[in-house]
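Me: Please take a close look at a single part of this model and walk me through it with care. I would like one connected account rather than a list.

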Amino acid sequence: QSVLLLSKNQAESVSRFEVESVFMDVFECTKTEFLLGFRDFVMDADKLSLLNRYVRELSLNKPLGYVLGKVAFLDDVFVVSEGVLIPRPETEELVHLVTETVKDMTNFVFVECGFGSGCIALSLGKRFPGSEVFAWDVSEDAYGVALKNRELLGLSNVTFYLGDFFEGFDKFLKAFGNDKQMVLVSNPPYIRTSYLNDLMPD
């Protein structure tokens, strides 16, 4: 019913994957439970209202991650807000690449420039619990989101700094010493402003 409340043009702008995703979020179910047991779910007024809100936001080209306030990344779910970029599949590939690169290394630390939601720093910290991760970002929104994600994942080996990377990193280097190898990671926004008008609305 929530989709039928939209105009035809609005409904056509929302994909089946997005509709399934918001249904699963509203009913707190897995994809398997959604596909096999949908008719057993009870649609009360609160769920219908939330579902309507989600689908309307999607029809206005609001990205699914921002609509739900979270996104799946590798083996975890990360909180996101409109103050941070939504991690893309390519970002997962970067974590895999770094993991493969350092798997035979010992006595190293990770350093990240521009942590956003914290997904890269936290994923590396989770995969290498014996190593420390230090990450910087100038965005207060990103800092708050990253701290929330760190708390949700329960990681103590990842440190986020709010401030300019180069200024903070310079001080970090002076106190760092030479006893450990340093792995620098960064995945900054890379789309040229001249290309923005050619991108999909969401």
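Reply: This is a predicted model, and the part chosen here is helix H6, beginning with what its inward side meets. The buried residues of H6 pack against strand E1 (70-73), strand E3 (108-113), helix H7 and strand E6 (181-186), so that the surroundings of this helix include three strands as well as another helix. The residues of H6 that count as buried are Thr 91, Val 95, Val 98 and Val 102. Because these four cover an arc of only 65 degrees around the axis, they lie on the same side of H6. The face turned away from that buried side carries the exposed residues Pro 89, Glu 93 and Leu 97, a set in which a charged residue stands together with two nonpolar ones.

The length of the helix can be checked against its residue count. With 14 residues at 1.5 Å a residue, H6 should span 20 Å, and its end C-alpha atoms are 21 Å apart, which agrees with that expectation.

Among the partners named above, H7 deserves a fuller description. Two packed helices are described by the angle between their axes and by the distance between the axes. For H6 (residues 89-102) and H7 (residues 119-127), the axes come within 10 Å and cross at roughly 35 degrees, and the crossing in which H6 passes H7 is right-handed. On the H6 side the contact is made by Thr 91, Leu 94, Val 95, Val 98 and Thr 99, while H7 contributes Cys 119, Ile 120, Ser 123, Leu 124 and Arg 127. Sorted by class, this contact has 6 nonpolar, 3 polar and 1 charged residues, the charged one being Arg 127 of H7. Thr 91, Val 95 and Val 98 appear both among the buried residues of H6 and among the residues that H6 brings to the contact with H7.

Beyond H6, the chain enters the loop that lies between this helix and E3, and Asn 107 is found in that loop. Asn 107 has a positive phi of about 55 degrees although it is not a glycine. Its relative accessibility is 43%, and Asn 107 therefore counts as partly exposed, since that class takes in values between the 20% and 50% limits. Strand E3, on the other side of this loop, is also one of the elements against which the buried residues of H6 pack.

Terms used: Residues numbered from 1 in each chain as written. Predicted model: local features only at pLDDT ≥ 70, side-chain atom pairs only at ≥ 80, totals over all residues. Heavy atoms only, no water. Axes fitted to C-alpha atoms, helices over the stretch in contact; angles between N-to-C directions. Left-handed = near helix turned anticlockwise from the far one by under 90°. Contact = heavy atoms within 4.5 Å. Expected span 1.5 Å × (residues − 1). Buried < 20%, exposed > 50% of the residue type's maximum accessible area, 1.4 Å probe, protein only. Arc of directions from axis to C-beta.
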